Amino acid sequence: MRLLVSSVVSLLAAALAAGAAGAVAADAHYTLDAAKSTLEYQFTQAGALNKGKFTKYAVTLDVAGDAPSKLDVVIEMGSLDTGDKERDDTLKTADLFSVAKFPQSHFTSTQITRTANGYDAVGKLTIRGVTRDVHVPFTFSPANGSLLGQVTLRRLDYGVGQGDWKATDQVGNDVAVTYALHLVAGH
């Protein structure tokens with residue numbers, strides 16, 4: 001009887017240890033719930049702060065163990081919306097985003113590290129056919145699938161501003177991009 005109890009206790013301990021190890025090492029793949037997400041940007045034009053958003057984009061996040069391991073974002077540039085049709089049409093032209101030639105922008109991480117405030121995704125961002133290394137800071141909560149953050153990009157680094165639009169006296173060079181994404185775990 002004592003041997004049986006000892007064996008059962010050993011089996012239970014092994015099962016619990018395996019379950020705990022499995023919980024820590026669980027991998028997950030998250031995809032965007034677009035209806036609950038926002039991808040917005042702010043820029044200055046003629047000294048005034050202007051805001052806009054993208055309405056079509058895809059986001060995936062892979063988690064290995066207990067930490068994000070891969071972030072991928074694809075933005076449909078034609079979905080930009082500043083609330084002003086004339087401005088939107090201008091932003092889509094060859095001198096700015098050149099949407100007809102470059103319909104998508106893409107970020108893919110090459111490394112994600114934990115920081116004091118969350119995570120830092122280092123990777124390649126391509127806008128208008130120009131690819132640069134960037135750091136994308138974010139927080140992520142697997143419990144509710146929220147991925148939040150903000151990054152400032154310099155539009156001229158990506159050629160967004162040709163001809164008269166290269167000047168920064170009317171349109172600022174810095175663009176703040178804010179993301180409040182809701183991700184759903186899948187397999």
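When I speak of a contact today, I mean a pair of residues with heavy atoms within 4.5 Å. With that in hand, and bearing in mind that this is a predicted model, we can begin with the overall fold: among the contacts in the protein with a separation of 6 or more, 58% are accounted for by residues 24 or more positions apart.

The protein contains 2 helices and 11 strands, and if you follow the chain from the N terminus, the elements come in the order α-β-β-β-β-β-β-α-β-β-β-β-β. Of the 187 residues in the protein, buried ones make up 35%.

Let me turn to the strand pairing, taking strand β1, residues 28-32, as the example. Strand β1 pairs with β4 in the antiparallel sense over 4 bridges, and in that pairing H29 stands opposite D62 of β4. Strand β1 is also joined by 4 bridges to strand β11, residues 174-186, again running antiparallel, and there L32 is the residue that stands opposite L183 in β11.

Just beyond that strand there is a residue I would like to point out, namely S37, whose place is in the loop between β1 and β2, the latter being 38-45. Is S37 buried or exposed? With a relative accessible area of 10%, S37 falls under the 20% limit and therefore counts as buried. Leaving aside residues up to four places away in sequence, S37 touches L32, Y57, A180, L181 and H182, and L32 is the residue we have just met opposite L183 in β11.

Now to the pocket, which may interest those of you who work with ligands. The largest pocket has a volume of about 730 Å³, and its lining consists of 39 residues, with F54, I127, L153, V175 and V177 lying nearest its centre. How does the lining divide by residue type? In the largest pocket, 30 of the lining residues are nonpolar, 6 are polar and 3 are charged.

The last topic is the salt bridges, of which the structure holds 4, and I will go through several of them. One of them brings together the side chains of D66 and R114, at 3.8 Å from N to O. That pair links distant parts of the chain, since D66 sits in the loop between β4 (57-64) and β5 (67-76), whereas R114 belongs to strand β7, residues 104-115, and the two are 48 residues apart. As for their surroundings, D66 is exposed at a relative accessible area of 56%, and R114 also counts as exposed, at 53% relative accessibility.

A second salt bridge joins K85 and D89, whose closest N and O atoms are 2.8 Å apart. Why are these two separated by about one helical turn? Because K85 and D89 are 4 residues apart in helix α2, which covers residues 85-91. Here K85 counts as exposed, with 62% relative accessibility, while D89 is partly exposed, with a relative accessible area of 37%.

Another salt bridge is formed by D133 with K124, and for this pair the closest N and O atoms lie 2.6 Å apart. D133 counts as exposed at 56% relative accessibility, whereas K124, at 37% relative accessibility, counts as partly exposed.

To close, I would put two items side by side for discussion: the largest pocket, with its 30 nonpolar lining residues, and S37, which is buried in the loop between β1 and β2.

Terms used: Residues are numbered from 1 along each chain as its sequence is written. This is a predicted model: local features need pLDDT of at least 70, side-chain atom pairs count only at pLDDT 80 or more; totals for chains, interfaces and linings use all residues. Side-chain values use heavy atoms; hydrogens and water are left out. On a 1 Å grid over the protein atoms alone, a cavity is a set of points where a 1.4 Å probe fits but cannot get out, and a pocket is an open set with protein on both sides within 12 Å along at least five of seven lines; lining residues have an atom within 4 Å of a point. Grid points are joined across faces, edges and corners, and a volume is the space filled by probe spheres set on the points. Ala, Val, Leu, Ile, Met, Phe, Trp, Tyr, Cys and Pro count as nonpolar, Asp, Glu, Lys and Arg as charged, and the others, Gly among them, as polar. Buried means under 20% relative accessible area, exposed over 50%, partly exposed in between (1.4 Å probe, protein chains only). Two strands pair if DSSP finds at least two bridges between them.
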